[in-house]
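Biologist: Please choose one part of this model and go through it closely, at the level of single residues where you can, before setting it among its surroundings.

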Amino acid sequence: MITHGHSDHARPGHGAVLATQETLDMMRLRYGDNFAGSTQAIAYGEELRLGDVKIKFHPAGHVLGSAQIAVTCKDTCIVASGDYKDASDPTCTPFEVVPCDVFITEATFGLPVFRHGNAADEVKKLLASVTLFPERAHLVGAYSLGKAQRVIALLREAGYDAPIYLHGAMEAITHYYQSRGVALGELRPAKGVKKADLAGTITLAPPSATSDIWTRRFPDPVTAFASGWMRVRARARQRGIELPLVISDHADWDGLTATIEATGAGEIWVTHGQEDALVHWCKTKGLAARPLDLVGYGDEDEHEPPPANEAEA
Amino acid sequence: MNRFAELLDRLAYEPGRNNKLRLLTAYFRETDDPDRGYALAALTGALSFKHAKPGLIRDLITDRADPVLFGLSYDYVGDLSETVALMWPKVSASHDRSSPLPPRSGGEGSGVGGVSARTAASAIAAPPPTPDPSPPRALRVEGGEKTIGHNNPPPPTLSEVVTTLRTLGKTELPRQLARWLDELDETGRWALLKLVTGAMRIGISARLAKTAAANLGDKDAHDVELMWPGLSPPYLDLFAWLEGRSEKPVNRDPTPFRPVMLAHAIEDADFANLDPADFIAEWKWDGIRVQAVSGRDERGHIQARLYSRTGEDITGSFPDLVPSLHLQGSSSFAIDGELLVLREGRVQTFNVLQQRLNRKVVSPKLIKEYPIHLRAYDLLGDDENDLRELPFIERRARLEAFIKKLDDARIDLSPTVAFDSWDQLTAARADPAQAGAGEDADAVEGVMLKRRDAAYLPGRPKGQWWKWKRDPHLIDAVLMYAQRGHGKRSSYYSDYTFGVWTSGEDGEQLVPVGKAYFGFTDEELLQIDRFVRRNTTEKFGPVRHVVHEPDQGLVLEVAFEGLARSPRHKSGVAMRFPRISRLRWDKPPREADRLETLERMLKSETGITAP
C-alpha cells in the first residue's frame with residue numbers, strides 16, 4: 001500500500017501495489033511500466049476487505065493522489081498518514097481527518113519554529129520581485145512532483161497569466177497534472193529559449209538544478225526556492241537562495257499537533273522528520289508516542305530523480 | 001515595522017551590491033518620514049539600545065514555550081533572534097490561516113471532499129484553541145493596560161519602536177518587547193529582535209545605506225558623507241533635500257568627516273608613463289587609515305573625533321589618542337593618517353594593532369600594552385581653511401609645520417622615501433630597513449606614490465596616488481574542499497579551502513590553512529570548477545571534498561599578506577588576505593609546502609609581539 005508518488009514513499013520493485021490511480025500513474029511515469037508485479041487502484045473512501053481487516057484510503061492533501069491509509073481490524077483502527085498538509089492546495093483533494101486509535105504521523109516540520117504562512121502571500125513576494133527586477137530571470141526551485149504544479153497554480157490564482165517555463169525534468173509530471181484537469185495555463189520548456197528572452201520570466205526547476213551549470217543560460221537569475229525549509233534562514237543561505245518562498249506541502253507544527261489531537265488517537269507513532277520534538281509534545285499531552293526511526297526516509301529532495309542528464313541539455 | 005522587516009529580510013539574502021542598492025532606494029522612496037529615517041539610522045549603526053540583551057530575549061521565550069521544544073528548536077535554527085521570532089506563540093485564539101480549505105474542484109482526485117483538521121478538531125476532540133505548548137500566561141497579566149489579540153492592534157511602526165526604546169527603562173522593556181512581538185508577524189519579530197540587540201549582520205555597510213539614500217535624489221554619496229556627521233535620525237532635512245523639497249543641509253558639525261582619498265594599485269606597465277620627478281614617496285604603513293578631526297562647538301569647547309576611512313566614528317575605541325587632538329590655539333584641523341601601535345618608539349605589526357580593533361570596552365591594561373599612535377600623511381584643514389584644493393606638496397609643507405607645532409609624541413609625520421629613479425625606489429621597497437624605515441620595516445607593507453601637484457580628491461581618482469605593495473608571501477597549497485559561490489557565482493565552485501602537509505599520527509597528512517575565493521581569472525575559475533566536479537570524493541551539505549592525495553589533486557599557489565596565530569584553526573595559523581595567485585597543474589600535491597614553512601614565517605612576523 002503506497003500513500004503517494006514521492007520517491008521516499010513509493011519505490012519500484014514491489015510484487016503488488018495498492019494505491020490511488022494517480023499514485024500508480026506517477027510511479028509508472030517515474031519508474032517505467034514494470035515498476036511493480038501487479039497493481040490495483042483504489043479510490044478515496046472505497047473500502048477493501050482482507051479477512052478481518054478493512055482498508056480505506058483517505059485524502060492527505062499532500063500532492064495529487066496522495067492518501068492516508070486506514071487499516072481496521074476488530075476494534076482497532078490504525079491510520080498511516082503518509083505525508084499530509086491541512087492547508088489549501090488548488091492541485092489536490094483536501095486533507096481529511098480520520099479518527100483512529102493509532103496515528104502514524106509524519107514529522108518533516110515537527111518543530112515549533114515551523115509555522116507556514118499563507119502560500120498566496122509567498123507567491124506575491126515572487127511576483128513583486130519579478131516586477132522589481134524585470135531584466136532578470138526568476139528561477140523557482142520546487143520539487144517536481146506536487147510543489148511545482150502547486151506554485152504554478154498559485155501564480156495563476158494571483159493573476160499571473162504570462163507563459164511559465166519548465167525545466168525538462170518536470171515536464172512529464174506537470175503534463176500529467178494537466179491531463180487530470182488541473183488548470184496550469186500556458187507552459188513552455190525553458191530549453192532552447194534565447195537567454196535574452198528569459199528576462200522577466202519565471203521558470204520552475206528541480207531544487208538541485210537551481211544552483212547548477214544549467215542556470216548559466218538565464219540572464220542574471222534570481223534564485224528562489226519554494227519549500228517549508230525556507231522558514232529557516234540558514235537553510236536558505238546555505239543553498240545560495242536569494243528569494244526563499246515558504247510554501248510547504250507538509251503540515252506545519254500547528255497542523256501536526258492539531259491533526260494529532262483531532263484524530264483522537266491515544267497512541268502516536270512518529271516518522272519522517274523531526275521525531276523528537278513531536279514525541280515530546282505528545283507525551284506532554286498524555287499521549288503514548290514513539291519514533292519509528294526508519295532509516296533512509298525523510299526529505300524527498302535527497303531522492304529527487306537526478307537531473308544529471310538534464311544539466312547539460 | 002513590517003515594511004522595514006521585509007527590507008531587511010530581502011537584503012539578508014541578496015548578494016549583489018547593485019541589487020542591494022535598488023532594494024534600499026526603493027524602500028526610501030516608498031516609505032514616509034520618519035520611518036525611513038530611522039531605517040537609515042538602523043542600517044548605518046546610528047542606533048543602539050543599551051538594555052536589550054540576548055539574555056532578556058531568552059527569558060521572554062522560556063516564559064512562553066516548553067523548554068525542551070525551545071532547546072530542540074534553537075539547536076536546529078542556530079540563531080536566538082530567529083528561533084524566538086519563529087516560535088513566538090500566536091496570541092489570537094483563532095487560527096490565522098487566512099484561506100479556509102476551498103471546496104474541491106470537480107474532476108480531479110478520486111475521493112470525497114474533506115473536512116479541515118481544524119474544523120474537525122473542534123468538532124471531535126475539542127482541543128484547547130491554541131496548540132501552543134504552554135498557555136501564554138505572561139500576556140494576560142497586563143489586563144487593563146491593553147487588550148491584546150482581540151482587537152488585533154496594528155503592528156508598531158519603526159518610529160514607534162525606536163522612540164519608545166529610547167525612553168524606556170530597563171524594567172519596562174521585557175513587557176514592551178513582548179507586546180510588540182505579539183503584534184508583529186515573524187519577519188517583523190526577527191527584524192525587531194535584530195534591531196534591538198544591534199546584531200543586524202545582513203551585509204550592509206553604512207556607506208552602502210548612505211549611497212542608496214543619495215541615489216534617491218541622484219546625489220553623490222560623498223555629499224551625503226560630508227554632511228552626515230551634522231545630521232541626526234530621522235534625517236528629515238536630508239530626505240527633504242534629496243527629494244528636492246529644500247536646500248542642502250548645512251553641516252554645523254564642528255568635527256565633520258571628509259571623504260577619504262584612495263590610491264590605485266600600480267602595475268609594472270604603469271611606470272613607463274610616469275616621471276619619478278613628479279612624485280613623492282612614503283612608506284605604506286600596515287595599520288588602519290584614519291582621519292583625526294578637531295574643532296570647537298558653539299560654546300567654544302574643543303571636540304575631537306577619530307573616523308575610519310569609511311567615516312565611521314571610532315573615537316570611543318581610542319580614548320588614549322583624544323587628548324593629543326586638543327590643540328590649544330587652533331580652532332580646527334583635520335589630519336589624514338595611519339593608526340599604529342608603537343612600543344618604545346617602534347612600530348608594531350598589524351597583528352599587534354589588531355588587539356585594539358573592534359573593542360567596545362577599552363581597558364587601562366589594553367591602553368598600556370598597546371599604546372596607540374597616529375602617523376600623519378596629510379593635512380586637510382587648518383583653522384578655517386579647507387586645504388584640500390591645494391597641491392600635495394603645499395599641504396605636505398603645512399603638515400610638517402603643523403606636526404612641529406603640535407609637538408606631541410603620539411602624533412608624528414610620515415617620513416618620505418628619497419629616490420631619483422624607479423630603480424632606486426624598487427630597491428627601497430625591497431628592503432625598507434636599509435632605506436630609512438630601520439627597525440620599523442616589519443610594519444611597512446610597501447610604498448605610496450603621490451603626485452606633487454595632486455589635490456585631495458574623494459574616492460580613487462586616476463593617476464594621482466599609487467600604492468605599490470611589497471610582494472606578497474607565496475606558498476603552494478593543496479585544494480582540499482570546495483564550496484559554491486554566491487550570486488553570479490552560485491553555479492560555480494569558487495570558495496576553496498586549501499592545506500599544507502604536516503606529520504600527524506597517521507603519517508603525512510594535509511591540514512587546512514586557509515580559504516580563498518578570489519585571485520583567479522574567469523578562465524581559471526572554469527578550470528577549477530571542472531576539476532572540482534570531476535574529482536569530488538564526498539559531499540557534506542554544500543561542501544565538496546576534493547581529492548587530495550600525494551599524487552592526485554590540485555596545487556594552488558596562494559598569495560597572502562601576513563600570518564597570525566589562531567586557536568580557531570586546526571593548523572594554528574590564520575592568513576591575512578589570502579588569494580589564489582596561480583594554478584600549479586604541473587606540480588604533484590606531494591611537493592606542496594609544509595606547515596613548518598608557515599610556522600617559520602609566523603615566528604619572524606610575531607616573534608617580538610607576544611603581549
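Modeller: Helices here are DSSP runs of H or I with at least four residues, strands are runs of E with at least two, and each kind is numbered from the N terminus. This is a predicted model, in which local features need pLDDT of at least 70 and side-chain atom pairs count only at pLDDT 80 or more, while totals for chains, interfaces and linings use all residues. Residues are numbered from 1 along each chain as its sequence is written, chains are lettered from A and ligands numbered from 1 in the order in which they are written, and side-chain values rest on heavy atoms, with hydrogens and water left out.

The part I have chosen is helix H5 of chain B, with its neighbours. H5(B) runs over residues 67–77, and its buried residues (buried means under 20% relative accessible area, exposed over 50%, partly exposed in between, for a 1.4 Å probe and protein chains only) are Leu69(B), Phe70(B), Ser73(B) and Val77(B). They lie on the same side of H5(B), because they cover an arc of only 100 degrees around the axis, the arc being that of the directions from the helix axis to the C-beta atoms. In general, an α-helix has 3.6 residues a turn, so residues three or four places apart point the same way. On the face turned away from the buried side, H5(B) carries the exposed residues Pro67(B) and Asp75(B).

The two ends of H5(B) can be described as well. At the N-terminal end, Asp66(B) acts as a cap, with a side-chain oxygen 2.7 Å from the backbone nitrogen of Val68(B); a polar contact is a pair of N or O atoms within 3.5 Å, where within protein one must be able to donate a hydrogen and the other to accept it, and residues adjacent in sequence count only if both atoms are side-chain atoms. Just after the helix, Gly78(B) has a positive phi of about 85 degrees.

What do the buried residues of H5(B) pack against? Their partners, with contact meaning heavy atoms within 4.5 Å, come from two chains: helices H6 (253–263) and H7 (275–284) of chain A, and H4 and H6 (80–87) of chain B.

H6(B) is mostly covered, with eight of its eight residues buried; among them are Leu80(B), Glu82(B), Val84(B) and Met87(B). Its N-terminal end is capped by Asp79(B), which places a side-chain oxygen 3.1 Å from the backbone nitrogen of Ser81(B). The buried residues of H6(B) pack against helix H5 (233–238) of chain A, and within chain B against H4, H5 and H11.

H4(B), a partner of H5(B) as well as of H6(B), covers residues 54–62 and includes Gly55(B). At 38% relative accessibility, Gly55(B) is classed as partly exposed. Its C-alpha atom is 9.8 Å from that of Leu80(B), although the two residues are 25 places apart along the chain.

H11(B), residues 186–197, has twelve residues that at 1.5 Å a residue should span 16 Å, and its end C-alpha atoms are indeed 16 Å apart; the expected span is 1.5 Å times one less than the number of residues. Nine of the twelve residues are buried, including Arg189(B), Trp190(B) and Lys194(B). Just after H11(B), Gly198(B) takes a positive phi of about 75 degrees.

Elsewhere in chain B, helix H3 (residues 35–43) holds Arg36(B), which counts as buried because its relative accessibility is 3%. Its side chain makes a polar contact of 2.8 Å with that of Glu243(B). Leaving aside residues up to four places away in sequence, Arg36(B) also touches others, including Tyr27(B), Phe28(B), Leu216(B) and Phe239(B).

As for the wider setting, chain B comes to 21 helices and 21 strands, and 53% of its 611 residues are buried. Of the contacts in chain B between residues at least 6 apart in sequence, 69% join residues at least 24 apart. An automatic or database domain assignment, the source of the bounds, divides chain B into domain 1 (264–469) and domain 2 (473–606), whose C-alpha centres are 35 Å apart. In chain A, which supplies helices to the packing of H5(B), the assignment gives domain 1 (14–113 + 249–305) and domain 2 (119–245).
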